[in-house]
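Dear colleague,

I am passing on a structure for you to look through, and my notes on its cysteines and on one pair of helices follow below. Please keep the model open beside you as you read.

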Amino acid sequence: MESWNTSSEEGFILLGFSDWPHLEPVFFAFISVFYSLTLFGNTVIIILSRLDLRLHTPMYYFLCHLSFLDLCYTASTVPQLLVNLSGLDRTISFGRCVAQLCIVLSLGGTECVLLVTMAIDRYAAVCRPLHYTTIMHPLLCRALVVFSWVGGLVNSLIQTGLVMAMPLCGHQLNHFFCELPVLLKLACEDTGGTEANLFVARVIILVCPLVLILGSYAHIARAVLNIKSMAGRRKAFGTCASHLVVVALFYGSAISTYLQPVHRYSEREGKFLALFYTIITPMLNPLIYTLRNKDVKGALWKVLGKGTDSA
(Lines give C-alpha, C1' and ligand atoms only; values in the text may rest on other atoms or scores of the structure.)
Protein backbone atom coordinates (compact mmCIF):
# COMPACT_ATOMS: atom_id res chain seq x y z
CA MET A 1 0.00 0.00 0.00
CA GLU A 2 1.11 3.53 -0.74
CA SER A 3 1.37 5.64 2.38
CA TRP A 4 0.70 9.26 3.22
CA ASN A 5 4.45 9.92 3.08
CA THR A 6 4.60 8.62 -0.48
CA SER A 7 1.68 10.85 -1.44
CA SER A 8 3.41 13.84 0.08
CA GLU A 9 6.44 13.17 -2.13
CA GLU A 10 4.67 12.39 -5.41
CA GLY A 11 1.53 14.50 -5.13
CA PHE A 12 -1.75 13.68 -6.88
CA ILE A 13 -3.22 13.36 -10.36
CA LEU A 14 -6.50 15.22 -10.84
CA LEU A 15 -8.57 13.18 -13.26
CA GLY A 16 -11.05 16.01 -13.77
CA PHE A 17 -13.35 15.30 -16.72
CA SER A 18 -10.96 12.92 -18.49
CA ASP A 19 -13.78 10.34 -18.59
CA TRP A 20 -15.36 12.54 -21.27
CA PRO A 21 -12.40 13.64 -23.44
CA HIS A 22 -14.68 14.72 -26.29
CA LEU A 23 -16.48 17.14 -23.94
CA GLU A 24 -13.35 18.74 -22.47
CA PRO A 25 -13.05 21.43 -25.22
CA VAL A 26 -16.73 22.31 -24.68
CA PHE A 27 -16.23 22.51 -20.90
CA PHE A 28 -13.12 24.64 -21.44
CA ALA A 29 -15.01 27.15 -23.61
CA PHE A 30 -18.03 27.47 -21.33
CA ILE A 31 -16.02 27.61 -18.10
CA SER A 32 -13.73 30.27 -19.58
CA VAL A 33 -16.77 32.43 -20.39
CA PHE A 34 -18.37 31.85 -16.97
CA TYR A 35 -15.08 32.63 -15.20
CA SER A 36 -14.70 35.87 -17.14
CA LEU A 37 -18.27 36.87 -16.24
CA THR A 38 -17.60 36.03 -12.59
CA LEU A 39 -14.49 38.20 -12.51
CA PHE A 40 -16.26 41.07 -14.27
CA GLY A 41 -19.52 40.98 -12.30
CA ASN A 42 -17.99 40.72 -8.83
CA THR A 43 -15.31 43.32 -9.61
CA VAL A 44 -18.01 45.75 -10.74
CA ILE A 45 -19.93 45.22 -7.48
CA ILE A 46 -16.80 45.98 -5.43
CA ILE A 47 -15.93 49.10 -7.47
CA LEU A 48 -19.48 50.47 -7.35
CA SER A 49 -19.68 49.86 -3.59
CA ARG A 50 -16.55 51.97 -3.17
CA LEU A 51 -17.39 54.78 -5.60
CA ASP A 52 -21.06 55.53 -4.96
CA LEU A 53 -22.04 57.08 -1.60
CA ARG A 54 -25.54 55.60 -1.84
CA LEU A 55 -23.98 52.15 -1.50
CA HIS A 56 -22.05 53.03 1.67
CA THR A 57 -24.51 51.06 3.81
CA PRO A 58 -24.18 47.82 5.82
CA MET A 59 -26.00 45.80 3.14
CA TYR A 60 -23.54 46.76 0.40
CA TYR A 61 -20.59 46.53 2.78
CA PHE A 62 -21.44 42.86 3.30
CA LEU A 63 -22.19 42.40 -0.42
CA CYS A 64 -18.77 43.83 -1.25
CA HIS A 65 -17.13 41.22 0.96
CA LEU A 66 -19.28 38.49 -0.59
CA SER A 67 -18.11 39.55 -4.06
CA PHE A 68 -14.47 39.57 -2.94
CA LEU A 69 -14.97 36.13 -1.40
CA ASP A 70 -16.45 34.81 -4.67
CA LEU A 71 -13.46 36.17 -6.59
CA CYS A 72 -11.08 34.35 -4.24
CA TYR A 73 -13.16 31.17 -4.33
CA THR A 74 -13.17 30.88 -8.11
CA ALA A 75 -9.49 31.87 -8.33
CA SER A 76 -8.60 28.98 -6.02
CA THR A 77 -10.07 26.31 -8.33
CA VAL A 78 -11.00 27.51 -11.84
CA PRO A 79 -7.53 28.38 -13.29
CA GLN A 80 -6.31 24.90 -12.36
CA LEU A 81 -9.46 23.39 -13.89
CA LEU A 82 -8.80 25.22 -17.17
CA VAL A 83 -5.23 23.90 -17.23
CA ASN A 84 -6.59 20.43 -16.50
CA LEU A 85 -9.14 20.64 -19.33
CA SER A 86 -6.48 21.80 -21.76
CA GLY A 87 -4.54 18.60 -21.04
CA LEU A 88 -1.33 20.48 -20.25
CA ASP A 89 -0.97 19.33 -16.64
CA ARG A 90 -3.21 17.18 -14.46
CA THR A 91 -0.86 16.93 -11.48
CA ILE A 92 -0.86 18.80 -8.20
CA SER A 93 1.78 18.60 -5.49
CA PHE A 94 0.92 17.47 -1.99
CA GLY A 95 1.59 20.93 -0.56
CA ARG A 96 -0.58 22.68 -3.15
CA CYS A 97 -3.35 20.14 -2.59
CA VAL A 98 -3.38 20.72 1.17
CA ALA A 99 -3.27 24.49 0.65
CA GLN A 100 -6.12 24.34 -1.86
CA LEU A 101 -8.23 22.19 0.47
CA CYS A 102 -7.65 24.62 3.33
CA ILE A 103 -8.42 27.68 1.20
CA VAL A 104 -11.58 26.22 -0.33
CA LEU A 105 -12.92 25.10 3.07
CA SER A 106 -11.99 28.45 4.62
CA LEU A 107 -13.74 30.49 1.92
CA GLY A 108 -16.79 28.23 2.00
CA GLY A 109 -17.01 28.51 5.79
CA THR A 110 -16.59 32.28 5.60
CA GLU A 111 -19.49 32.51 3.17
CA CYS A 112 -21.68 30.48 5.53
CA VAL A 113 -21.10 32.96 8.36
CA LEU A 114 -21.21 36.01 6.07
CA LEU A 115 -24.66 35.01 4.82
CA VAL A 116 -25.79 35.00 8.47
CA THR A 117 -24.53 38.56 8.93
CA MET A 118 -26.45 39.59 5.81
CA ALA A 119 -29.59 37.95 7.24
CA ILE A 120 -29.09 39.88 10.49
CA ASP A 121 -28.82 43.08 8.46
CA ARG A 122 -32.09 42.32 6.65
CA TYR A 123 -33.77 41.47 9.97
CA ALA A 124 -32.73 44.83 11.43
CA ALA A 125 -33.85 46.69 8.28
CA VAL A 126 -37.33 45.09 8.16
CA CYS A 127 -38.13 44.33 11.81
CA ARG A 128 -36.33 47.23 13.51
CA PRO A 129 -36.31 50.01 10.89
CA LEU A 130 -36.31 52.88 13.43
CA HIS A 131 -33.27 51.46 15.21
CA TYR A 132 -31.49 50.17 12.08
CA THR A 133 -28.63 52.70 12.05
CA THR A 134 -28.04 52.15 15.77
CA ILE A 135 -28.06 48.36 15.52
CA MET A 136 -25.96 48.06 12.36
CA HIS A 137 -23.22 50.38 13.58
CA PRO A 138 -20.06 50.42 11.41
CA LEU A 139 -18.03 48.91 14.27
CA LEU A 140 -20.49 46.02 14.54
CA CYS A 141 -20.42 45.49 10.77
CA ARG A 142 -16.63 45.30 10.77
CA ALA A 143 -16.67 42.93 13.74
CA LEU A 144 -19.18 40.64 12.00
CA VAL A 145 -17.06 40.54 8.84
CA VAL A 146 -13.87 39.79 10.81
CA PHE A 147 -15.72 37.06 12.71
CA SER A 148 -16.89 35.58 9.38
CA TRP A 149 -13.36 35.35 7.97
CA VAL A 150 -11.81 34.09 11.23
CA GLY A 151 -14.61 31.57 11.80
CA GLY A 152 -14.23 30.14 8.30
CA LEU A 153 -10.44 29.89 8.70
CA VAL A 154 -10.55 28.17 12.10
CA ASN A 155 -13.13 25.62 10.94
CA SER A 156 -11.07 24.97 7.81
CA LEU A 157 -7.88 24.39 9.80
CA ILE A 158 -9.69 21.85 11.97
CA GLN A 159 -11.10 19.92 9.01
CA THR A 160 -7.84 20.07 7.03
CA GLY A 161 -5.90 18.88 10.08
CA LEU A 162 -8.24 15.91 10.55
CA VAL A 163 -7.77 14.84 6.91
CA MET A 164 -3.99 15.35 6.97
CA ALA A 165 -3.72 13.06 10.01
CA MET A 166 -5.00 10.10 7.96
CA PRO A 167 -2.80 7.81 5.83
CA LEU A 168 -3.80 7.92 2.16
CA CYS A 169 -3.44 5.16 -0.44
CA GLY A 170 -3.16 6.15 -4.09
CA HIS A 171 -2.48 9.29 -6.06
CA GLN A 172 -5.49 9.64 -8.35
CA LEU A 173 -8.22 12.08 -7.32
CA ASN A 174 -11.38 11.69 -9.38
CA HIS A 175 -12.11 15.42 -9.28
CA PHE A 176 -10.83 18.70 -10.70
CA PHE A 177 -9.56 20.03 -7.35
CA CYS A 178 -8.66 18.68 -3.92
CA GLU A 179 -12.15 18.16 -2.53
CA LEU A 180 -12.52 16.81 0.99
CA PRO A 181 -14.85 13.83 0.30
CA VAL A 182 -12.59 12.69 -2.56
CA LEU A 183 -9.49 12.76 -0.32
CA LEU A 184 -11.35 10.76 2.31
CA LYS A 185 -12.03 8.06 -0.28
CA LEU A 186 -8.24 7.54 -0.55
CA ALA A 187 -7.93 6.75 3.15
CA CYS A 188 -6.07 3.51 3.94
CA GLU A 189 -7.88 3.00 7.24
CA ASP A 190 -11.40 3.17 8.61
CA THR A 191 -12.64 6.76 8.41
CA GLY A 192 -15.53 6.37 10.88
CA GLY A 193 -13.95 8.38 13.70
CA THR A 194 -12.60 11.07 11.40
CA GLU A 195 -15.93 11.35 9.59
CA ALA A 196 -17.72 11.81 12.92
CA ASN A 197 -15.37 14.66 13.89
CA LEU A 198 -15.68 16.20 10.44
CA PHE A 199 -19.46 15.95 10.64
CA VAL A 200 -19.46 17.95 13.88
CA ALA A 201 -17.29 20.63 12.28
CA ARG A 202 -19.58 20.76 9.24
CA VAL A 203 -22.72 21.03 11.37
CA ILE A 204 -21.15 23.99 13.21
CA ILE A 205 -20.21 25.82 10.01
CA LEU A 206 -23.16 24.75 7.81
CA VAL A 207 -26.24 23.83 9.82
CA CYS A 208 -25.94 26.34 12.69
CA PRO A 209 -25.68 29.36 10.34
CA LEU A 210 -28.56 28.02 8.25
CA VAL A 211 -30.74 27.72 11.35
CA LEU A 212 -29.94 31.34 12.28
CA ILE A 213 -30.75 32.49 8.73
CA LEU A 214 -34.08 30.64 8.70
CA GLY A 215 -34.90 32.02 12.15
CA SER A 216 -34.17 35.57 10.97
CA TYR A 217 -36.39 35.16 7.94
CA ALA A 218 -39.19 33.67 10.02
CA HIS A 219 -39.26 36.93 12.00
CA ILE A 220 -38.97 38.92 8.75
CA ALA A 221 -41.91 37.02 7.19
CA ARG A 222 -44.05 37.71 10.24
CA ALA A 223 -43.14 41.41 10.13
CA VAL A 224 -43.88 41.62 6.39
CA LEU A 225 -47.30 39.99 6.85
CA ASN A 226 -48.15 42.64 9.44
CA ILE A 227 -47.56 45.42 6.90
CA LYS A 228 -50.98 46.52 5.68
CA SER A 229 -50.11 48.11 2.33
CA MET A 230 -49.19 45.89 -0.64
CA ALA A 231 -46.55 48.41 -1.73
CA GLY A 232 -44.88 48.19 1.67
CA ARG A 233 -44.93 44.39 1.52
CA ARG A 234 -43.38 44.37 -1.94
CA LYS A 235 -40.63 46.74 -0.85
CA ALA A 236 -39.83 44.71 2.27
CA PHE A 237 -39.88 41.45 0.33
CA GLY A 238 -37.71 42.95 -2.42
CA THR A 239 -34.95 43.76 0.05
CA CYS A 240 -34.79 40.11 1.14
CA ALA A 241 -35.58 38.10 -2.00
CA SER A 242 -32.09 38.38 -3.51
CA HIS A 243 -30.42 37.19 -0.32
CA LEU A 244 -32.82 34.25 -0.01
CA VAL A 245 -32.03 33.12 -3.56
CA VAL A 246 -28.29 33.25 -2.84
CA VAL A 247 -28.78 31.31 0.41
CA ALA A 248 -30.80 28.62 -1.39
CA LEU A 249 -28.21 28.21 -4.16
CA PHE A 250 -25.23 28.11 -1.82
CA TYR A 251 -26.62 25.90 0.94
CA GLY A 252 -28.37 23.54 -1.46
CA SER A 253 -25.10 22.57 -3.15
CA ALA A 254 -22.99 22.70 0.04
CA ILE A 255 -25.29 20.43 2.04
CA SER A 256 -25.53 17.95 -0.86
CA THR A 257 -21.72 17.68 -0.92
CA TYR A 258 -20.61 17.89 2.70
CA LEU A 259 -23.41 16.46 4.83
CA GLN A 260 -23.55 12.98 3.34
CA PRO A 261 -21.44 9.96 4.37
CA VAL A 262 -18.30 9.37 2.27
CA HIS A 263 -19.48 5.94 1.11
CA ARG A 264 -22.56 7.58 -0.45
CA TYR A 265 -20.59 10.33 -2.16
CA SER A 266 -20.57 9.91 -5.95
CA GLU A 267 -17.38 11.32 -7.48
CA ARG A 268 -18.98 11.56 -10.91
CA GLU A 269 -21.98 13.53 -9.65
CA GLY A 270 -19.79 15.45 -7.21
CA LYS A 271 -17.71 16.93 -10.03
CA PHE A 272 -20.76 18.41 -11.74
CA LEU A 273 -22.17 19.64 -8.43
CA ALA A 274 -18.81 21.27 -7.69
CA LEU A 275 -19.03 23.12 -11.01
CA PHE A 276 -22.24 24.65 -9.72
CA TYR A 277 -20.88 26.04 -6.44
CA THR A 278 -17.40 26.95 -7.69
CA ILE A 279 -18.42 28.65 -10.96
CA ILE A 280 -22.17 29.06 -11.52
CA THR A 281 -23.14 30.45 -8.10
CA PRO A 282 -20.30 33.04 -7.93
CA MET A 283 -21.23 34.13 -11.46
CA LEU A 284 -24.95 34.45 -10.61
CA ASN A 285 -24.53 36.34 -7.32
CA PRO A 286 -23.85 39.76 -8.94
CA LEU A 287 -26.80 39.27 -11.30
CA ILE A 288 -29.14 38.24 -8.50
CA TYR A 289 -28.26 41.28 -6.41
CA THR A 290 -28.40 43.81 -9.26
CA LEU A 291 -31.29 42.76 -11.53
CA ARG A 292 -33.98 44.15 -9.18
CA ASN A 293 -31.79 46.61 -7.29
CA LYS A 294 -32.37 50.26 -8.22
CA ASP A 295 -29.45 51.50 -6.09
CA VAL A 296 -26.87 49.34 -7.88
CA LYS A 297 -28.36 50.12 -11.30
CA GLY A 298 -28.32 53.82 -10.49
CA ALA A 299 -24.71 53.65 -9.32
CA LEU A 300 -23.73 51.79 -12.49
CA TRP A 301 -25.40 54.34 -14.80
CA LYS A 302 -23.84 57.16 -12.78
CA VAL A 303 -20.35 55.70 -13.23
CA LEU A 304 -20.96 55.06 -16.94
CA GLY A 305 -22.31 58.59 -17.31
CA LYS A 306 -19.19 60.06 -15.71
CA GLY A 307 -17.05 57.98 -18.00
CA THR A 308 -18.97 59.27 -21.01
CA ASP A 309 -18.72 62.86 -19.92
CA SER A 310 -14.99 62.65 -19.32
CA ALA A 311 -14.45 61.07 -22.71
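A residue is called buried when its relative accessible area is under 20%, exposed when over 50%, and partly exposed in between. Please bear in mind that this is a predicted model.

With that cut-off in hand, Cys-141 counts as buried, because its relative accessible area is 3%. Why is Cys-141 not bonded to Cys-64, which has the closest cysteine sulfur? The two sulfur atoms are 13 Å apart, which is too far for a bond. Cys-208 is likewise in no disulfide, and the nearest cysteine sulfur, that of Cys-112, lies 11 Å away. Since its relative accessibility is 40%, Cys-208 counts as partly exposed.

Turning to the bonded cysteines, it helps to recall that a disulfide is a covalent bond between the sulfur atoms of two cysteines. The count in this model comes to two disulfides, and they follow the pattern 1-3, 2-4 when the bonded cysteines are numbered along the chain.

One disulfide joins Cys-97 to Cys-178, with 2.0 Å from S to S, and this link is left-handed, with -125 degrees about the S-S bond. Cys-97 sits in helix H5 (residues 94-127) and Cys-178 in the loop between strand S3 (172-173) and helix H8 (180-184), so the pair ties together parts that are 81 residues apart in sequence. Both Cys-97 and Cys-178 are buried.

The other disulfide is formed by Cys-169 and Cys-188, whose sulfur atoms are 1.7 Å apart. It links distant parts of the chain, 19 residues apart, with Cys-169 in the loop between helix H7 (138-164) and S3, and Cys-188 in the loop between H8 and helix H9 (192-225). The link of Cys-169 and Cys-188 is right-handed, with 130 degrees about the S-S bond. Cys-169, at 19% relative accessibility, counts as buried, whereas Cys-188, at 28%, counts as partly exposed.

Finally, helix H2 (residues 24-51) and helix H3 (residues 58-75) pack with their axes 9 Å apart, at an angle of about 150 degrees. H2 and H3 are therefore roughly antiparallel to each other, and their crossing is left-handed. Among the residues that meet are Tyr-35, Leu-39 and Ile-46 in H2, and Leu-63, Cys-64 and Phe-68 in H3. By class, the contact of H2 with H3 has ten nonpolar, six polar and two charged residues.

With kind regards

Terms used. Residues are numbered from 1 along each chain as its sequence is written. This is a predicted model: local features need pLDDT of at least 70, side-chain atom pairs count only at pLDDT 80 or more; totals for chains, interfaces and linings use all residues. Side-chain values use heavy atoms; hydrogens and water are left out. A disulfide is a pair of cysteine sulfur atoms within 2.5 Å. Helices (H or I, at least four residues) and strands (E, at least two) are DSSP runs, numbered from the N terminus. Buried means under 20% relative accessible area, exposed over 50%, partly exposed in between (1.4 Å probe, protein chains only). Axes are lines fitted to C-alpha atoms, for helices over the stretch in contact, and angles run from 0 to 180 degrees between N-to-C directions. Angles under 35 degrees count as roughly parallel, over 145 as roughly antiparallel, 65 to 115 as roughly perpendicular and the rest as oblique. A crossing is left-handed if the near helix is turned anticlockwise from the far one by less than a right angle, and right-handed if clockwise. Contact means heavy atoms within 4.5 Å. Ala, Val, Leu, Ile, Met, Phe, Trp, Tyr, Cys and Pro count as nonpolar, Asp, Glu, Lys and Arg as charged, and the others, Gly among them, as polar.
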